[in-house]
Amino acid sequence: PYVLIAASATRDAQDDQKVYLDKPALVLDDQGPDPLRITAAKGVYHEGTRKLEVSGGVRLAGATAAFDTASSLFDTRTGELVGSGPIHGAGPLGEIQAKSYGVYDKGARMVFKGGVHTVLKPK
């Protein structure tokens, strides 16, 4: 359901369940009609919990929309991506910004919460 790559990966010397990633890229629904690509400056994969934390210029981009945020957490067990920091971006309906977000159903559904502001484009 996802593909994870990075420029480099380094296992933590003190915790063998933790892997540090440089310039990670995560692709959700890689074979689907509109894969969602998440890129960041750095990441940490926790093998025990199977969760990936990414931070530093995080960008979520699909074929029709792109969003920027500071950090995200991807749960490889559930396929859910969440962020508790501000997010802003644009898609076919217009622009949106919010204080937190969640991405569900392989990127097909996004939920924005907290101080949500939108600018809708007329058709």
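**Salt bridges.** I searched this predicted model for salt bridges and obtained a count of 3.

I looked up Arg11 and Glu47 and found that their side chains meet in a salt bridge, at 3.1 Å from N to O. Arg11 belongs to strand E2 (residues 8-11), whereas Glu47 sits in the loop between strand E6 (42-46) and E7, so the pair ties together parts that are 36 residues apart in sequence. I then checked accessibility: Arg11 is partly exposed at a relative accessible area of 46%, and Glu47 is partly exposed at 31%.

I turned next to Arg59 and Asp68, whose side chains form a salt bridge with an N to O distance of 2.8 Å. Arg59 is partly exposed, with 35% relative accessibility. For Asp68 I noted a relative accessible area of 25%, and it counts as partly exposed because the buried class ends under 20%.

The pair Asp105 and Arg109 also forms a salt bridge, with the closest N and O atoms 3.1 Å apart. I recorded Asp105 as exposed, since its relative accessible area of 51% lies over the 50% cut-off. Arg109, with 41%, is partly exposed.

**Strand E4 and its partners.** I examined strand E4 (residues 25-28) and asked which way its side chains point. Ala25 and Val27 point one way, Leu26 and Leu28 the other way, and all are buried.

With which strands does E4 pair? I found strand E1 (residues 2-5) paired with E4 in the antiparallel sense, over 4 bridges. In this pairing Ile5 stands opposite Ala25. I also found E4 paired with strand E5 (residues 36-39), again antiparallel and over 4 bridges. Here Leu26 of E4 stands opposite Ile38 of E5.

**Nonpolar core.** I then looked up the largest nonpolar core, which has 20 residues. Which residues have the most contacts inside it? They are Ile38, Leu52 and Leu60. I listed the strands that each supply at least two residues of this core: E3 (18-22), E4, E5, E7 (51-61), E8 (66-75), E11 (94-98) and E12 (100-104). E7 gives the most, with 4 residues.

**Surroundings of Ile38.** I followed Ile38 further, leaving aside its neighbours within four places in sequence. Its contacts include Ala25, Leu26 and Leu28, which are buried residues of E4. Pro24 and Leu81 are also in contact with Ile38. I further noted contacts of Ile38 with Val54, Val58, Arg59 and Leu60. Among these, Arg59 is the salt-bridge partner of Asp68.

Key. Residues are numbered from 1 along each chain as its sequence is written. This is a predicted model: local features need pLDDT of at least 70, side-chain atom pairs count only at pLDDT 80 or more; totals for chains, interfaces and linings use all residues. Side-chain values use heavy atoms; hydrogens and water are left out. Buried means under 20% relative accessible area, exposed over 50%, partly exposed in between (1.4 Å probe, protein chains only). Two strands pair if DSSP finds at least two bridges between them. A nonpolar core is a set of buried Ala, Val, Leu, Ile, Met, Phe, Trp, Tyr and Cys residues joined through side-chain atoms within 4.5 Å. Contact means heavy atoms within 4.5 Å. A salt bridge is a side-chain nitrogen of Lys or Arg within 4 Å of a carboxyl oxygen of Asp or Glu.
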